[in-house]
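Please look over the sequence and the model below before reading on. The paragraphs that follow go through the cysteines, the sheets, the cores and some of the helices in turn.

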Amino acid sequence: MRHGGQILVDQLVRQGVRRVFSVPGESFLAALDGLHDADIQNIVCRHEGGAAMMAEATGKLTGRPGVAFVTRGPGASNASSGVHVAKQDSTPMILFVGQIARDHRDREAFQEVDYRAVFGTVAKWASEIDQVERIPEYVSRAFHISTSGRPGPVVLALPEDMLSSSAEVPDLPAPAPVPPGVSAAEAAAVAKALAKAERPLVIAGGSRWNAGAAADLARFAESWGLPVAVPFRRQDHMDNRHPNYAGDLGVGMNPKLGKRLQDADLILVLGARIGDNLTRGYELMHPADPGKTIVHVYPDASELGRVFRPDLGIVADAAEMTAALADTPAPRRWDDWAKAARAEYEAWQQPKETPGAVRMEQVIRWLSDNLPDDAVLTNGAGNYAAFLHRYFRYKGYGTQLAPTSGSMGYGFPAAIAAKLENPGRTVVCLAGDGCFQMTLNEMSTAAQYGAAVITIVANNGQYGTIRMHQERNFPGRVSGTQLANPDYAALARAYGGHGETVERTEDFPAAYERARASGLPAVIELRLDPEALSTSLTLSETRAIGLKGA
């Protein structure tokens, strides 16, 4: 006989879970008791949003569901931000939520929430375990759903009386979902479609990827002479130094790459969804008239034809298709087309000088040139991230952790998760002053568990992205976008970490080396000129555009 918390934890052990992220609550005390003697590390976080984002980042890094535990009501509400990231980023993740006792249901009891209703449109599956004997069944199903087809988050509610009751029940082994394979006929069909194209463009993305697939993608692109682009924040799917890499299609994309997408007569989409970010709000390609042949390879049939109708849609694992194509003799080559795309990428990478004594473009280029090839870079959302997208070259798979959902506050908890998962690798978080303040309380978590991440805070005293849109639409009418900020370096030291403040670009390398050598969670604050609003336009230039439009 075991209580429900012990049964639950024993299932997690069976699933190969090595670490969970949590904020404790009285609604799942039995689960905390089950974790007490388990060979599973429980990372105690400071906010449920941070815990959920750490779990999501773990899912991104490993391809296995990241796991978080939160309490009912406000705890689950706080964690929903991380669930939303997992949904839009197609990341395997499981959120366990404490729930009120079963006999109190439907009375609006203290912190009562209907989790099926609340998470029904955000999670891939949301349910509640009513019988302690069925815990193994539900957990097995949760892991299967989270990892099969298009990966995503699962939410399971745990009534506290169910969790504390006991039962004698056998454990279930971990599920082994088999992704759809690739037949010779399917690979031949893709090759045949490509052979007819004059201006093909490969777009490789999605979450079902790995280092082997990245290597196969490079072989495929090189042997066929194809340009390869990636979707928003999937830049680590191919070594950016490769001559066939053409850049990323997303927020702040190279306009010339966007034009190349528009001009392509065929796109081969491997593992990615085709949506608004990739098509610049459907301006470059419209679902009603894309103006090109679409070959779409995706592991979930429900995604094919969901927005864009494919001329050839194949339900298959993109990594397997990429490997098959890499081993297929190239029917033709498009070297000139690929070289032109690469030249445009190289030109886009040349730094455009921004105002101020600290220039983000130079900081990012220094990081790109000096960090180890396997360094993990994380970020949340904000105009500061555009500098990272434009000027940093990702060298290997698993080195970029960023939310395709555009969630602020993600970078710092993701960095902590990455450092715990890979303690020997360099982990650097890029954050804006607005972005960092959403989750900087997790500095306490980093210090408690020895996650020596280096956080670079781009401080320009404003919500820069919103200010940019504000100046374009309501020029000169600043409202709700200004920030009062702490001394970030002093704040890091208050948490027992290392703090640096950089006020000149040339001082950054030495500050970074001191932060790295400290072996502590470190913060490097960059004091930026508010005029340096984006990679392409200053604040004054943006306002002038708004005034002209008005």
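How many disulfides does the count come to? In this predicted model, the count comes to 0 disulfides. Cys45 is in no disulfide, since the nearest cysteine sulfur, that of Cys429, is 15 Å away, whereas a disulfide requires two cysteine sulfur atoms within 2.5 Å. Cys429 is likewise in no disulfide, and the nearest cysteine sulfur to Cys429, that of Cys435, is 7.0 Å away. Both of these residues lie in the interior by the accessibility criterion: Cys45 is buried, with a relative accessible area of 4%, and Cys429 counts as buried at 0% relative accessibility.

We can turn next to the sheets. One open sheet consists of 6 strands in the order β3-β2-β4-β5-β7-β6, and the pairing in this sheet is parallel. Because β3 (41-44) and β6 (125-128) stand at the edges with a single partner strand each, one side of each is left without a neighbour in the sheet. On average, and with direction ignored, neighbouring strands of this sheet are turned by 20 degrees against each other. At one end of the order, strand β2 (residues 19-22) pairs with β3 in the parallel sense over 4 bridges, and within this pairing Ser22 has Val44 of β3 as its bridge partner. Helix α3 (residues 48-62) packs on the sheet and touches β2, β4 (66-70) and β5 (93-99), while the direction of α3 makes about 165 degrees with that of β4.

Another open sheet of 6 strands, again with parallel pairing, has the order β11-β10-β9-β12-β13-β14. Its edge strands are β11 (245-249) and β14 (312-315), each of which pairs on one side only, and the twist from one strand to the next averages 20 degrees. Inside this order, strand β9 (residues 200-204) and strand β12 (residues 266-270) pair in the parallel sense over 5 bridges, with Ala204 standing opposite Leu270 in β12. Helix α10 (residues 255-263) packs on this sheet, where it touches β9, β10 (228-231), β11 and β12, and the direction of α10 makes about 95 degrees with that of β11.

Which residues of α10 are buried? They are Leu257, Gly258, Arg260 and Leu261, and, seen down the axis of α10, these buried residues fall within an arc of 155 degrees, so they line one face of the helix. An α-helix has 3.6 residues a turn, so residues three or four places apart point the same way. The buried residues of α10 pack against β9, β10, β11 and β12, and also against α12. Helix α12 (residues 335-349) contains Arg342, a residue that counts as buried at 8% relative accessibility. Leaving aside neighbours within four places in sequence, Arg342 is in contact with Asn240, Arg241, His242, Pro243, Tyr245 and Arg393.

The nonpolar interior can be described next. The largest nonpolar core has 55 residues, and Phe220 and Leu268 are those with the most contacts inside it. Helix α9 (residues 211-224) gives the most to this core, with 7 residues. Not counting residues up to four places away in sequence, Leu268 touches Val190, Leu194, Leu201, Val202, Ile203, Phe220, Val295, Val297 and Leu325. Apart from this core lies another, of 50 residues, and among them are Ala126, Ala431, Phe436 and Val523.

Val523 leads on to strand β20, where it appears as a bridge partner of Thr455. Since 5 of the 6 residues of strand β20 (residues 522-527) are buried, the strand is largely enclosed by the rest of the structure. Strand β18 (residues 454-459) runs parallel to β20 and is joined to it by 6 bridges, while strand β19 (residues 498-502), also parallel to β20, is joined to it by 5 bridges. In the pairing with β19, Gly499 stands opposite Val523 in β20.

One further helix completes the walk. Which residues of helix α18 (residues 464-473) are buried? The buried residues of α18 are Gly464, Arg467, Met468, Gln470 and Glu471. Seen down the axis of α18, they fall within an arc of 165 degrees, so they line one face of the helix, and what covers them includes α21 (539-549).

Methods
Residues numbered from 1 in each chain as written. Predicted model: local features only at pLDDT ≥ 70, side-chain atom pairs only at ≥ 80, totals over all residues. Heavy atoms only, no water. Buried < 20%, exposed > 50% of the residue type's maximum accessible area, 1.4 Å probe, protein only. Helix = DSSP H or I, 4+ residues; strand = E, 2+ residues; numbered from the N terminus. Contact = heavy atoms within 4.5 Å. Pairing = 2+ DSSP bridges. Axes fitted to C-alpha atoms, helices over the stretch in contact; angles between N-to-C directions. Core = buried A, V, L, I, M, F, W, Y, C linked by side-chain atoms within 4.5 Å. Arc of directions from axis to C-beta.
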